[in-house]
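Visitor: I have a model open and would like to learn how to read it. Where do we begin?

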Amino acid sequence: MSDSATGAGSLNDELARQREKTDAQAVRTITAANQALAASGEVQGLELGQLAPEFELPDATGRPVRLSERLALGPVVLTFYRGEWCPYCNITLAALQGVLGEVKDAGASLIAISPQRPDDALTMSEKHGLGFDVLSDAEQSVIRAYGVQFRVPAEIEDVHMTFFKKDISELNADGSWNLPVPATFVLDADGLVRARHVGVEYTSRMEPGEILAALREL
């Protein structure tokens, strides 16, 4: 579910290529479970025009970052990702780093949030040379507040354990199998959602060009 302009773009093309490298049976299982989740309407995310909830979370070095402090400087691009273990998230954050200069030129800040520990956020930042805030939502309180949290279905849990050898409960700071769906919100300086992309399909993300277009309209 996306309320921003859509279309083929370089980021989603790269994500599709990554998907082609994944075991076909695993992809089919994940796709079926994601379709069921989408049909349930369980994960909606903030709507256009909605006021983004305030939060304070630690960055990769443990320093607290408040949304209101970033908004005082201008618009904010807020993206939720699953963790540094997710290749699709790695590709997405690297793409965002590629347009960081243009985001800043638009007077905006970029914030990424995951349910992992600050140490893992530090790993992500260092691995990709990220120049924006990478925050740890250890209790997933912000992920819940923004309406993007879901519990990994049993069949996908099995895929992660069997095919990917990833125990999400060990990777998450809270020890759960809860994750955020891929989501990006473009907030104006008043904290209102002006563009959004929220969807259960992990290989579809908001294109950097869409983000920049939304910022230019503010």
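**Reading the spaces and the packing**

Guide: At least two residues of the lining of the largest cavity come from helix 2 (24–40), and at least two from helix 8 (154–162). Helices (H or I, at least four residues) and strands (E, at least two) are DSSP runs, numbered from the N terminus. This is a predicted model: local features need pLDDT of at least 70, side-chain atom pairs need 80 or more, and totals for chains, interfaces and linings use all residues. Residues are numbered from 1 along each chain, and side-chain values use heavy atoms, without hydrogens or water.

Visitor: How many cavities of 30 Å³ or more does a search of the whole structure find?

Guide: The general idea first. Rolling a probe the size of a water molecule over the atoms shows where empty space is left. On a 1 Å grid over the protein atoms alone, a cavity is a set of points where a 1.4 Å probe fits but cannot get out; a pocket is an open set with protein on both sides within 12 Å along at least five of seven lines; lining residues have an atom within 4 Å of a point. Here, the search finds two cavities of 30 Å³ or more. The largest holds about 110 Å³ of space. Its lining includes Ile30, Asn34, Arg82, His160 and Tyr202.

Visitor: How do the residues of that lining divide into nonpolar, polar and charged?

Guide: Nine are nonpolar, two polar and one charged. Ala, Val, Leu, Ile, Met, Phe, Trp, Tyr, Cys and Pro count as nonpolar, Asp, Glu, Lys and Arg as charged, the others as polar.

Visitor: What volume does the second largest cavity have?

Guide: About 60 Å³. Strand 3 (76–80), helix 4 and strand 8 (183–187) each give two or more residues to its lining. Thr79, Phe80, Thr92, Leu96 and Arg205 are among the lining residues. The split is six nonpolar, four polar and one charged.

Visitor: And how much space lies in the largest pocket?

Guide: About 180 Å³. Gln18, Trp85, Tyr88, Phe164 and Lys166 are among the residues that line this pocket. Seven of the lining residues are nonpolar, three polar and two charged.

Visitor: Now a helix. Which residues of helix 1 are buried?

Guide: An α-helix has 3.6 residues a turn, so residues three or four places apart point the same way. In helix 1 (residues 10–20), Leu11, Asn12, Leu15 and Gln18 are buried. Buried means under 20% relative accessible area, exposed over 50%, partly exposed in between (1.4 Å probe, protein chains only). The four buried residues cover an arc of only 110° around the axis, so they sit on the same side of helix 1. Ser10 and Glu20, on the other side, are exposed. Helix 4 (87–98) and helix 10 (208–217) are included in what covers the buried residues.

Visitor: Is Arg70 buried or exposed?

Guide: Arg70, in helix 3 (residues 67–71), is buried, with a relative accessible area of 15%. Its side chain makes a polar contact (N or O atoms within 3.5 Å, one able to donate a hydrogen, the other to accept it) with the side chain of Asp133, at 2.7 Å. Leaving out residues up to four places away in sequence, Arg70 touches Arg63, Val65, Val76, Ser109, Ile111 and Asp133. Contact means heavy atoms within 4.5 Å.

Visitor: How far apart are Arg70 and Ile111 in sequence and in space?

Guide: 41 residues in sequence, 9.2 Å in space, C-alpha to C-alpha. Try Gly49 next, in the loop between helix 2 and strand 1 (56–58). Gly49 and Arg194 are 145 residues apart in sequence and 6.2 Å apart in space, C-alpha to C-alpha.

Conventions. Arc of directions from axis to C-beta. Points joined across faces, edges and corners; volume = space filled by probe spheres on them.
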